[in-house]
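Visitor: Got a model up on screen. Can you walk me through a helix pair and then the empty spaces?
Guide: Sure, go ahead.

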Amino acid sequence: MFGTKLKCLRCGKEYPLLTKYSCSKCGGILDVDYDYEAMKKKEIGSHLGTKKDEGMWKFRDFLPIKKKESIVTLREGGTPLFRCERLAELTSLADFYLKDETRNPTGSFKDRPTSCAISKAKEEGGNAVITSSTGNGGVAVATYAAKAGMKAIIIVPSTAPRNKLLSIVCSGALLVKIKGIYSDCFSLARELSREYGWVNLTSTFLNPFATEGDKTVAYELYRDLRLVPDWILVPVGAGPLLVGIYKGYKELKELELVDKLPAMIGVQAKGCAPIVRAFERGEREVRAWGTPHTIASGIADPLQGYSDDGSLTLKIIRESGGAAVAVDDESLVESVQNLSRLTGIFAEPTGASSVASLRELKKRGILKEKDTVVCMVTGSGFKDSHTIQKYVEIPPKELEPNLEEVREFLDQKLA
Ligand SMILES: *Cc1c(COP(=O)(O)O)cnc(C)c1O
Ligand SMILES: [Zn+2]
C-alpha cells in the first residue's frame, strides 16, 4: 500500500489516511496522497501493462486499502473499451472509443468509487453506511453494503428512477425518499452521518476514498490504448469521475509511463448545468443551480451548499485544456437510440450525454477529425427504462401464434 495521507487541496494541511470529509482548518476538499517515489522504485507501473483482467482491484497498489481482507468487491471495473466505427462515422471522428461502464455489477461506474470507499469503511470497523444519491450511487452502496453485511441508509429524491429504487429495496437497504432535489438529500446525509456515526459514502468529493475508485478508469485506458487520448468526455454532476480520471493520468505521468495528459470535457444537461455556465462565463467559482429540469437524472445535481465541488471540477477542466458543454433532452434521447442501434450499448440518458455532446463539440471546432476521442458511457438503460419508455413506442399490435399472420406482418414491416 503506497497511500500515505490525506491532504487538503486548498490549504495543504495533512491528515492520517482515515475517512474524513473535509479539512478541519479551511473546509477544503481532501485528496489521498501516495509515495510515488517508492512506487517508481518498485516499478509498480509495470503491472499495469498486462492484459489479464481482474477488475479494478488489479490496481490495488494504487488504492488506499491496507489489507486484502478489507476489500469489498463484486468484480467492478475492467470494463471494455470499444472502437465504434459506425457511431464515429456519424460525427466523422477517425479514432473514436467508448468506455462501457454499463458493464459494472450494478450497471454504472458508481461501483468503482463505492467499492473503494466501503472497503475503507470496513477496514476502519464501520458497520453502517449512508449515502445521498440521484439513483445509481444509492444502488451501488445498497448492493455493496449487502455484500459486506453492513447496514445501509440511502437518501434519494423521490423522482429517482423506479428501477433504481427497486434495486435498493431488494438489497435490504433502508430507502429514504425525499420530496426535494438531490442537494436536499446531500445535506441530510451529511447531517445524519454526523449524528449517528454512519460512514458517509456520498460520491461528490465528500468521501476522499470514493474518487480513488474513479481514477482506475485512467489505468484501464492506459492499458487498452497505450497512447493518451486527446479528449475524454465525461458526464458530470459534481465531477469526481472526471477529476478522478485526470488524477489517474497525472499519476501515470508521475511514474513516467505517459508523457502527456488528456484534455477533459465535462458534459452536463442544459436543465442543470452549473459547471458549464461558469465555464462559459469565464468564472472561477461555480454557483449553485436552481431546480433541475432534465431527463438526465444521474447528473441533475444543482450543487446547492457544496458548489466548491463544482469549482474543483471546473479548475481541472481548465487545467487540462478541456471544455464544458451542455446538451438538451432531445439530443439525449437521440443518443440513447444511436448508442443502441450503432454500438449495442443500452445506456440511460445520463450515460449517453457524452455521446450527445459530440456534434456540438465538432461544430465548435473543439474536436478535430483526426483526434483520439474517448466517451465515457457511465450508466445502463436497464435501470432507467421508464424514462426512455416515454419516447420509444413498443408496437401495440399482438399477433396470434400463426405463421400466416406473422408472415403477413413481417412482409408489411420489411417492405
Ligand atoms: C453519478 C453519475 C454521473 C456523474 O458523475 P459524478 O462523478 O458524480 O459527477 C454520471 N453518469 C451517471 C450514470 C451517474 O450515475
Ligand atoms: Zn484546508
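Visitor: Within what distance do the axes of H9 and H11 come?
Guide: This is a predicted model. The axes of H9 and helix H11 (residues 307–319) come within 9 Å. They cross at roughly 45 degrees.

Visitor: So what does that make H9 relative to H11?
Guide: Oblique, because the class between roughly parallel, under 35 degrees, and roughly perpendicular, 65 to 115, is called oblique.

Visitor: Left-handed or right-handed crossing?
Guide: H9 passes H11 in a left-handed crossing.

Visitor: Which residues make the contact?
Guide: From H9, Leu242, Val243, Tyr246 and Lys250. From H11, Leu312, Thr313, Ile316, Ile317 and Glu319. By class, that contact has 6 nonpolar, 1 polar and 2 charged residues.

Visitor: On to pockets. How much space lies in the largest pocket?
Guide: About 1000 Å³. The largest pocket is lined by 42 residues. Nearest its centre lie Leu9, Arg10, Ile29, Leu312 and Lys315.

Visitor: Leu312 again. Which element gives the largest share of that lining?
Guide: H11, with 10 residues. H9 also supplies at least two, as do strand S1 (3–8), strand S3 (30–34), helix H6 (182–196) and helix H7 (208–214).

Visitor: How does the lining of the largest pocket divide by class?
Guide: Into 17 nonpolar, 9 polar and 16 charged residues.

Visitor: And the second largest pocket, what lines it?
Guide: There are 19 lining residues. Thr159, Ala160, Thr294, Ser297 and Ala300 lie nearest the centre. The space is about 440 Å³. The lining divides into 8 nonpolar, 8 polar and 3 charged residues.

Visitor: Now closed spaces. How many cavities of 30 Å³ or more does a search find?
Guide: A search of the whole structure finds 2. The largest cavity has a volume of about 380 Å³. Its lining has 34 residues, and Phe109, Lys110, Thr134, Ser203 and Gly298 lie nearest its centre.

Visitor: Which elements give two or more residues to that lining?
Guide: Helix H3 (111–123), strand S6 (128–132), helix H4 (136–148) and helix H9 (240–254). By class, the lining of the largest cavity has 12 nonpolar, 18 polar and 4 charged residues.

Visitor: What about the second largest cavity, which residues line it?
Guide: Ile44, His47, Leu48, Lys58, Phe59, Asp61 and Phe62. About 40 Å³ of space lies there. By class, the lining has 4 nonpolar, 1 polar and 2 charged residues.

Key:
Residues numbered from 1 in each chain as written. Chains lettered and ligands numbered in written order. Predicted model: local features only at pLDDT ≥ 70, side-chain atom pairs only at ≥ 80, totals over all residues. Heavy atoms only, no water. 1 Å grid on protein atoms, 1.4 Å probe; cavity = no way out; pocket = protein on both sides within 12 Å on 5 of 7 lines; lining within 4 Å. Points joined across faces, edges and corners; volume = space filled by probe spheres on them. Helix = DSSP H or I, 4+ residues; strand = E, 2+ residues; numbered from the N terminus. Nonpolar A, V, L, I, M, F, W, Y, C, P; charged D, E, K, R; others polar. Axes fitted to C-alpha atoms, helices over the stretch in contact; angles between N-to-C directions. Parallel < 35°, antiparallel > 145°, perpendicular 65-115°, else oblique. Left-handed = near helix turned anticlockwise from the far one by under 90°. Contact = heavy atoms within 4.5 Å.
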